[in-house]
Amino acid sequence: MPAMPPTDAPEDSSLERVRPGRAALRTLLPRRGAAGGARRAPARSILTLAIVTGLVATVAIPAYAAWKPETEAKTLQQLAADGAQTLVVASDVGDSTLARGSYSATTPEEIAKKKAAEAAAARAKAALSGGSVTVDLASIPAGSGAIGWPLRNISNISDRFGARGGSHKGVDMLAPAMSPVYASADGVVSQSTEGGSGGYGAYIRIEHVIDGVRVSTLYAHLSYGTRTVEAGQTVSRGQVIGGVGRTGYATANHVHFEVFVNNAKVDPMPWLGPYGT
């Protein structure tokens, strides 16, 4: 029997014919990764924004809560940090620096030191300038009677007024070194210096008014650094004004004592009262 010619293949009724194959499905459908990435991108942005917002809230809110506006004015000392040596202050006129070294004296010790330094400077100035002032007669306390002795432990009187051929215009009273020297009467100091002229050395001159007469007393050859009064100072009779020495033209410890009446040197002995007064 002759072979039959091939016929059309029987009709395929399986799912392979109805459904497209997997390869076709992959072609027709969008990729899962691309679709998923498209859905995840907005979610990731929202999450990032939420994290940033949380960080800002965590840092800023406590800092704002801790900050308080200044309600009271503060002094420069309150603003200065502990141990700071300088403080720079801004003002309408510009910057300025306050250093501790510029502070004025405030404690009693600092004030006492400042006054002592000023007094020392005044004494040095007086010594350089001769330590003299012009004394008004009206400012001199009025007195009466004899002039007191400038020493109370005189060991000897060597040269009196008019000695040395008439050139000696005072009385030399010998006494141990550093013995107290006293003001002979109430008055006002007109001269007080460490560097006297004419060989006086350290000396003091005091102006008095005794029984209406202008009288001056002078105390020479005092020990350096012992003067206790300055020019212009009021003194009382018997007040200690210095110590015995041998400064200037002197060969022994003594006081060269002079008396002036209306600026003319006179013999002191008639003016001196009983010894020791």
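Buried means under 20% relative accessible area, exposed over 50%, and partly exposed in between, with a 1.4 Å probe and protein chains only. The model is predicted, so to speak of local features a pLDDT of at least 70 is needed, side-chain atom pairs count only at pLDDT 80 or more, and totals for chains, interfaces and linings use all residues. Residues are numbered from 1 along each chain as its sequence is written, and side-chain values use heavy atoms, with hydrogens and water left out.

**Exercise 1.** Decide whether Ser144 is buried or exposed, and describe its surroundings.

*Solution.* First, place the residue: Ser144 sits in the loop that runs between β3 (142-143) and β4 (156-157), where strands are DSSP runs of E of at least two residues, and helices runs of H or I of at least four, numbered from the N terminus. Next, apply the cut-off: Ser144 counts as exposed because its relative accessibility is 56%. Then look for partners beyond four places in sequence, which are Ile210 and Asp211, a contact being heavy atoms within 4.5 Å. Finally, take the distance to Asp211, whose C-alpha is 4.8 Å from that of Ser144 although 67 residues separate the two in sequence.

**Exercise 2.** Characterise the largest pocket by its volume and its lining.

*Solution.* Begin with the volume, which is about 340 Å³; a pocket is an open set of points on a 1 Å grid over the protein atoms alone, with protein on both sides within 12 Å along at least five of seven lines, and lining residues have an atom within 4 Å of a point. The lining holds 20 residues, of which Arg164, His168, Asp172, His221 and Tyr249 are the closest to the centre. Sorted by class, the lining divides into 5 nonpolar, 9 polar and 6 charged residues. As to secondary structure, β5 (171-174) and β12 (254-261) each supply at least two lining residues, and the largest share, 3 residues, comes from β12.

**Exercise 3.** Summarise the chain as a whole and state where confidence is low.

*Solution.* Start with the fold: the chain has 5 helices and 13 strands, and 27% of its 277 residues count as buried. Of the contacts between residues at least 6 apart in sequence, 62% join residues at least 24 apart. Turn then to pLDDT, the predictor's confidence in each residue from 0 to 100: the mean is 75, and 58% of the residues reach 70 or more. Over residues 12-18 the pLDDT is below 50, and this stretch has 1 contact beyond near neighbours in sequence.

Methods. 1 Å grid on protein atoms, 1.4 Å probe; cavity = no way out; pocket = protein on both sides within 12 Å on 5 of 7 lines; lining within 4 Å. Points joined across faces, edges and corners; volume = space filled by probe spheres on them. Nonpolar A, V, L, I, M, F, W, Y, C, P; charged D, E, K, R; others polar.
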